[in-house]
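User: I'd like a close look at one part of this protein. Could you pick a single residue that sits inside a helix, tell me about its surroundings, and then work outwards from there?

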Amino acid sequence: MSTRTITTAAPAHLIRVDSPIGRIEVLANQTSIISLSIERDGTLPHDDLPENTSPVLEAAAVQLREYFAGERHDFDLPVTLVGTAFQQAVWQQLRELEFGEVASYGSVGFATGRPTAGRAVGGAVGANPIPIIVPCHRILASNNRITGYSGGNGIPTKVWLLDHEGIEHRV
């Protein structure tokens with residue numbers, strides 16, 4: 001009988017940013033953003049690790065502060081998104097949405113060549129590793145209803161982001 005140990009390496013670079021929706025933790029490799037987490041119940045995934053910043057993380061911190069201050073409407077940061085081909089297609093659709101613009105799960109499915117894959121689109125949207133910068137909060141049901149949000153404290157976090165961008169929605 002063999003025992004396998006799985007170890008997770010510490011992120012190469014990490015920074016935390018205060019925001020109106022809670023602290024935000026951004027991770028990067030040597031060249032791009034790889035993850036963004038929004039505080040949930042007072043904790044972040046790597047609260048036990050010290051910050052180890054980099055130029056790309058410093059740029060992310062500046063751009064996130066500008067976004068929350070209402071001074072920035074789009075992000076100009078390198079990102080690395082790792083996922084299936086379908087997830088990549090969905091995330092590309094998210095990246096094309098402008099500030100204040102909304103899309104439905106169905107329209108994203110249609111744009112990715114899977115018009116009946118609304119539920120699968122929801123799964124891919126929820127698996128987005130870089131929320132806000134890759135704006136998954138801009139996806140709503142076809143009737144503008146919020147059906148969920150996996151970042152931060154869930155639906156209240158999404159409501160704040162939608163309100164911040166002036167996007168009409170229903171809870």
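Analyst: Let's start with one tyrosine and then widen the view to the rest of the chain. Keep in mind that this is a predicted model.

The residue I'd pick is Tyr67, which sits in helix α1. Is Tyr67 buried or exposed? Its relative accessibility is 1%, so Tyr67 counts as buried; the cut-off for that label is under 20%.

What does Tyr67 touch, once residues up to four places away in sequence are set aside? The list is Arg72, Phe75, Phe99, Ile132, His137, Leu161, His164 and Glu165. For one residue it does not reach, take Gln30: the two are 37 residues apart along the chain, and their C-alpha atoms are separated by 24 Å.

Some of those partners deserve a look of their own. Take Ile132, which is in the loop between α4 (118-126) and β5 (139-140). Ile132 has a relative accessibility of 1%, and therefore counts as buried. Its backbone is worth a glance too: Ile132 has a positive phi of about 70°, although it is not a glycine. As background, most residues other than glycine have a negative phi.

Asn144 also has a positive phi without being a glycine, with a value near 65°. Asn144 is in the loop between β5 and α5 (155-164). At 27% relative accessibility, however, Asn144 counts as partly exposed.

Now to Leu161, another partner of Tyr67. Leu161 is one of the buried residues of α5, along with Thr157, Lys158, Val159 and Leu162. As a reminder, an α-helix has 3.6 residues a turn, so residues three or four places apart point the same way. What covers the buried residues of α5? The cover includes β3, α1 (55-68), α3 (105-111) and β5. Tyr67's own helix is thus named in that cover. Just after α5 comes Gly166, with a positive phi of about 70°.

Next, two residues from the strand part of the chain. Ala28 lies in strand β2, and with 0% relative accessibility Ala28 counts as buried. Leaving out neighbours within four places in sequence, Ala28 is in contact with Ala12, His13, Ile33, Ile34, Val56 and Leu57. Asn52 is 24 residues from Ala28 in sequence, and the C-alpha atoms of the pair are 9.7 Å apart in space.

Ser32 belongs to the loop between β2 (24-28) and β3 (33-38). Its relative accessibility is 3%, so Ser32 counts as buried, loop position or not. Beyond residues up to four places away in sequence, Ser32 touches Leu27, Val56, Pro78, Val79 and Thr80. Thr80 is 48 residues from Ser32 along the chain, with 6.1 Å between the two C-alpha atoms. Val56 is on the contact list of Ser32 and on that of Ala28.

Stepping back, where does all this sit in the overall layout? The protein has five helices and five strands, and from the N terminus the order is β-β-β-α-α-β-α-α-β-α. The radius of gyration is 16 Å, close to the 16 Å that the globule rule gives for 171 residues, so the protein is as compact as a globular protein of that length. Along the principal axes, the C-alpha atoms fill a box of roughly 50 × 45 × 30 Å.

The chain is divided into domain 1 (13-69) and domain 2 (85-165), with their C-alpha centres 21 Å apart. Their contact takes 14 residues from domain 1 and 18 residues from domain 2. By those bounds, Tyr67 falls in domain 1, while Ile132 and Leu161 fall in domain 2.

A few whole-chain numbers finish the picture. Of the 171 residues, 44% count as buried. Among contacts with a separation of 6 or more, 61% come from residues 24 or more positions apart; the pairing of Ser32 with Thr80 is of that kind. The protein exposes about 8,900 Å², and 51% of that comes from carbon and sulfur atoms. As for charge, there are 13 positive and 18 negative side chains, and the centres of the two sets lie 10 Å apart.

Key
Residues are numbered from 1 along each chain as its sequence is written. This is a predicted model: local features need pLDDT of at least 70, side-chain atom pairs count only at pLDDT 80 or more; totals for chains, interfaces and linings use all residues. Side-chain values use heavy atoms; hydrogens and water are left out. Helices (H or I, at least four residues) and strands (E, at least two) are DSSP runs, numbered from the N terminus. The radius of gyration is taken over C-alpha atoms; the globule rule is 2.2 Å times the number of residues to the power 0.38. Buried means under 20% relative accessible area, exposed over 50%, partly exposed in between (1.4 Å probe, protein chains only). Contact means heavy atoms within 4.5 Å. Accessible areas come from the Shrake-Rupley method with a 1.4 Å probe; for residues, only the protein chains shown count as cover. Lys and Arg count as positive and Asp and Glu as negative; His and the chain ends are not counted. The place of a charge is taken as NZ of Lys, CZ of Arg, CG of Asp or CD of Glu. Domain bounds come from an automatic or database domain assignment.
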